[in-house]
Amino acid sequence: EYPDRDEAYKVPNQYYFGTEMIVAPITSPQNVATKTGKVKAWLPPGRYIDFFTGVVYDGDRFLWLNRTLDNAPVLLKQGAIVPLDANLGPGNGCDNPDGFEVVVVIGADGKFELLEEDEEDHSNTSTDKPVAWRKTPISFTQSTGTITIHPSGEGKAPKARDWSIRLLGYKPAQSPEVRINQAVVKTSTSQEGGGLGLLINVGKIPPGG
């Protein structure tokens, strides 16, 4: 990313994890007094939030990031959308997740296309037949504060799955409204500590919901 910016070549250990996350590994020795390590990072233009702490940073500059041994700088730009496996301890194998936690960084419009192997084609072991994929578009509109998880495209729809949405670094003035096929549904919410934002538990959504 950013091959035309000289600054990008001055942070050789920094990298994109997927399309949304910037990771700046800390490889320096720990400071004995502060019990933290530090790394010099470069953030491209924009505004970013730390995935683990909720701290907000302005981009288009170099900065020093200090972290304890159990933490690492993982930064997401405003408008980023990151679907995570809702299972904190996924099992072995390559089955599609039974649920998702969709992380959304407010502040700018964003879109993401969730790509999964079509379960109907999952047993295909032929090397001649191309893999069939199912796409689920997810979008966020800043002006209306609307998150839309569109129905999956072609391919067999999965079984009902649990969905939750995390608005990273967000503290709402009122409870969010969730609709499935235009019908308002009851949800539970919790404000996560440490700047981790608002977690909205939507519950199970049936195929095509």
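How many bridges join strand β13 to strand β17, and do these strands run parallel or antiparallel? In this predicted model, strand β13, which covers residues 161–168, and strand β17, which covers residues 197–205, are joined by seven bridges. The two strands run antiparallel. Within this pairing, Arg166 has Leu199 of β17 as its bridge partner.

Both strands belong to an open sheet of five strands, arranged in the order β8-β9-β13-β17-β16. The pairing in this sheet is mixed. In general, the strands of a sheet pair through backbone hydrogen bonds, in either a parallel or an antiparallel manner. The edges of the sheet are occupied by β8 (81–85) and β16 (188–192). Each of these edge strands has a single partner strand, so one side of each remains without a neighbour in the sheet. On average, neighbouring strands of this sheet are turned by 20° against each other, direction ignored.

Strand β9 of this sheet spans residues 99–105 and includes Gly99. Gly99 has a relative accessible area of 6% and is therefore buried, the limit for this class being under 20%. Leaving aside residues up to four places away in sequence, Gly99 touches Leu84, Asp85, Ala86, Arg161 and Asp162. A further residue considered in relation to Gly99 is Ile205: the two are 106 residues apart in sequence, whereas their C-alpha atoms are 9.5 Å apart in space.

A further open sheet is formed by five strands in the order β1-β2-β7-β4-β5, with antiparallel pairing. Its edge strands are β1 (15–17) and β5 (56–58), each of which pairs on one side only. Neighbouring strands of this sheet are turned by 35° against each other on average, direction ignored. At one edge, β1 is joined by three bridges to strand β2, which comprises residues 21–23, and these two strands run antiparallel. In this pairing, Tyr15 has Val23 of β2 as its bridge partner.

The surface was also examined for nonpolar patches. One nonpolar patch on the surface is formed by Leu115, Val131 and Trp133, which together have about 290 Å² of accessible area. Of these residues, Trp133 lies in strand β11, which covers residues 133–141. Trp133 has a relative accessible area of 45% and is therefore classed as partly exposed, a class that lies between the limits of 20% and 50%.

How values were computed:
Residues are numbered from 1 along each chain as its sequence is written. This is a predicted model: local features need pLDDT of at least 70, side-chain atom pairs count only at pLDDT 80 or more; totals for chains, interfaces and linings use all residues. Side-chain values use heavy atoms; hydrogens and water are left out. Helices (H or I, at least four residues) and strands (E, at least two) are DSSP runs, numbered from the N terminus. Buried means under 20% relative accessible area, exposed over 50%, partly exposed in between (1.4 Å probe, protein chains only). Contact means heavy atoms within 4.5 Å. Two strands pair if DSSP finds at least two bridges between them. Axes are lines fitted to C-alpha atoms, for helices over the stretch in contact, and angles run from 0 to 180 degrees between N-to-C directions. Patches are made of residues with over 30% relative accessible area and no salt bridge: like charges are joined within 9 Å, nonpolar side chains (Val, Leu, Ile, Met, Phe, Trp, Tyr) within 5 Å. Accessible areas come from the Shrake-Rupley method with a 1.4 Å probe; for residues, only the protein chains shown count as cover. A salt bridge is a side-chain nitrogen of Lys or Arg within 4 Å of a carboxyl oxygen of Asp or Glu.
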